[in-house]
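Trainee: I am new to this structure and would be grateful for a close look at a single part of it. Please start from one residue and then set out what surrounds it, explaining each term as it arises.

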Amino acid sequence: MKCIVILFTCFLGLLGFTQQTKYVDFIEANAVLVLNPDSTKVSGLVAYEMTALQSIDSVFIDAKNMTFPGGISVNDKKASYTNDGNRLWIYTPFKKDSTYRITFNYDCYPKQALYFLKRKEDWNIWTQGQGKYTSHWLPSFDDVNEKVIFKIGTAFTSGYEIISNGKRLQGLQDGNVNSGVYAMQKPMSSYLLALVIGNYNKKTETSSSGVPLEYYYYPEDSLKVEPTYRYSKRMFDFLEGEIGFAYPWQNYKQVPVHDFLYAGMENTSLTIFSDAFVVDSIGFNDKNYVNVNAHELAHQWFGDLVTAKSGEHHWLQEGFATYYALLAERDIFGADYFYFKLFEAAVELGRQDFSGDGTSLLNPKSSSLTFYQRGAWVLHALRSLVGDAVFKRAVRSYLEKHQFKNVQTSDFITEVERLYGRNLSGFKQKWIVAEAFPFDDAIALLQRQSDYVKDYMMIDCSAKSGKCAEYIKYYASDDAKIRVISQAPELVTEDTFKHGLRVRQAIAQYVKQIPKALKANYETLLRDSSYLTIESALYNLWVNFPEDRPKYLASTRGVYGFSDMNVRLLWIVLNLSTPFYEADNKQQLYQELVGYTESEYNAALRMNAFRYLKMISSCNETCLSNLELAKSHHNWQLVKFAKEMTEQLQEVKN
Ligand SMILES: [Zn+2]
């Protein structure tokens, strides 16, 4: 018997993990977790309910570096099992069409996918499943094709908010322990499981269709809630209408977290996003959450409701999310914005092909640019070909047919072909399968659809013509003016300053040598509602007019900028580099700058601080020891940065 089991195990093993869904269907998971942040230990009690689709002798659950102190039970009877540190194999004769309940306790110390971080004095704990594997903190399924209804209760020190997928059933407060129980009603892939524990307040709204929308924020950020979450409800209502399929989950929660790995992650009914997007109303003008907000929301349908079977079809998630986010933005910012974004994407895709890095959209190793932007372009081109009505009906029908299941490219294309009444193999070959992005087709389409893009393309001042000065003054759109300023900054005149925020931003960015005649105008940039403008303008003015340095520093004191404190750090360094200005204060400012390299601050701020300290050759012992610590951070960009900076410091020394 055992031999057969082993043979079978080998057989299933050879097939690879994607195959288990042919033999078994895991239906529901009930888990209770206890998190101990001081030891970074996760303990849990789990019950899986499953049905055998075939008679088999074993099943597995992915479980990375876990122990199972109480053994494994199947229908309350002890079962034999093996644990290779990667998967838990359970051996029992499972009969076709019978249902089983697998229960166990487990312990683990997750090295990835769940991060115990501190934000100031508070714990900020969060998870990232996609690319990191939920099976590092909860025994679950790395195979996206296994969809399960998850119900998760979590216990943690009281005083913290516990947030997870689905609807909150109850929150128990028992002495020093707080527990939150969340239940999904519908199945999803394990990579979409999420848990956040932190110190949060929340604002709630209800969508026009009655879905509760929850916006979480750090207690000190109440004034940033409106700019951060601006347009959330409007985009939710828009996407529900545009997609034509009711939002499929019980509620929609959005939570910013400390030092996140990406911009955002579309966990089912619980988007986690980087707190770098938590902005005030000035920061909103420079880098806001609107696009990421819409993108992760669109994934709730494209990715969460219908999930790509494999990497080959990844564009069904990223291409759709990018395209629908763009449609939501079009509803807010207008058609010119929409077409210009498509134009920029086409140019980048063309450039990628030109440098020999282009791939078929079906290549699982494609770049993000291909998955996201070429994917979005496929949908724009397809819709332009088949018309709005057919496109929308096809998308709705595709979602209805495959909801809560997995999809491949043909599932979508077949649906469009059926409603369009014509074969799309030519389209598919050119836009999806071929290695080269059909750049000329894309540009020709845009030129037919958008005068804005057409006009923009005609304006080019790389070879300076007499017309360029006029473009800046009159005819051109803001995007075209920005392009002219970048190509010919010497054409900027007093009049150019009269344009809007984005054109003024370009002046601050590109006009580095400031003519005396423009000095007074240039100084007004320091009062713009843009931290990017203020940062560039402060630096350029400080360099160009040494006699007025104290004046510029005085007028920008107290401006901090984004969460990476772009303006504050520059201000400190300029202050330190201005002899005799506030001489008594310099030591304190230097300490402040070094302080920002500490691990309690976000990675972007720390990198900024390290960079400036290196620039002024003042990375002291504290700075060096923080640099060393940064090398074991969970954010690979910071790790890479810290290693490179250490090398550069060594080179200077030698
Ligand atoms: Zn995405």
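Mentor: Leu569 is found in helix 20; helices here are DSSP runs of H or I with at least four residues, strands are runs of E with at least two, and both are numbered from the N terminus. The model is predicted, so local features need a pLDDT of at least 70 and side-chain atom pairs count only at pLDDT 80 or more, while totals for chains, interfaces and linings use all residues. Residues are numbered from 1 along each chain as its sequence is written, and side-chain values rest on heavy atoms, without hydrogens or water.

Leu569 has a relative accessible area of 0% and therefore counts as buried; the term means under 20%, exposed means over 50%, and partly exposed lies in between, with a 1.4 Å probe and protein chains only. Its C-alpha atom is separated by 9.2 Å from that of Glu592, which is 23 residues away along the chain.

Helix 20 spans residues 566-576, helix 21 spans 586-595, and the loop between them contains Phe580. Phe580 is not a glycine, yet it has a positive phi of about 75 degrees. With a relative accessibility of 82%, Phe580 counts as exposed.

Beyond that loop, helix 21 has Lys586, Leu589, Tyr590, Leu593 and Val594 as buried residues. These residues cover an arc of only 140 degrees around the axis, so they sit on the same side of helix 21; the arc is taken over the directions from the helix axis to the C-beta atoms. An α-helix has 3.6 residues a turn, so residues three or four places apart point the same way. On the face of helix 21 turned away from its buried side are the exposed residues Gln587 and Gln588.

The next loop, between helix 21 and helix 22 (603-615), holds Asn602. Asn602 is counted as buried because its relative accessibility is 12%. Although 483 residues separate Asn602 from Arg119 in sequence, the two are 8.5 Å apart in space, C-alpha to C-alpha.

This pair leads to the second largest pocket, whose volume is about 560 Å³. Its lining has 23 residues, and those closest to the centre are Arg119, Lys224, Ser563, Met565 and Asn602. A pocket is an open set of points on a 1 Å grid over the protein atoms alone, where a 1.4 Å probe fits, with protein on both sides within 12 Å along at least five of seven lines; lining residues have an atom within 4 Å of a point. The volume is the space filled by probe spheres set on the points, which are joined across faces, edges and corners. The lining consists of 10 nonpolar, 5 polar and 8 charged residues; Ala, Val, Leu, Ile, Met, Phe, Trp, Tyr, Cys and Pro count as nonpolar, Asp, Glu, Lys and Arg as charged, and the others, Gly among them, as polar. Because domain 2 (200-272) and domain 5 (560-654) both contribute residues to this lining, the pocket lies between them; the domain bounds come from an automatic or database assignment.

Two other helices may be set beside helix 21. In helix 13 (residues 451-458), Tyr452, Val453 and Tyr456 are buried. Seen down the axis, they fall within an arc of 95 degrees, so they line one face of helix 13. The face turned away from the buried side of helix 13 carries the exposed residues Asp451 and Met458. In helix 14 (residues 468-475), the buried residues are Cys468, Tyr471 and Ile472. Their arc around the axis is only 95 degrees, which puts them on the same side of helix 14. Exposed Tyr474 and Tyr475 occupy the face of helix 14 turned away from its buried side.

Phe404 offers a counterpart to Phe580. It lies in the loop between helix 9 (388-402) and strand 23 (405-407). Its phi is near 60 degrees, a positive value in a residue other than glycine. Phe404, however, is buried, because its relative accessible area is 16%.
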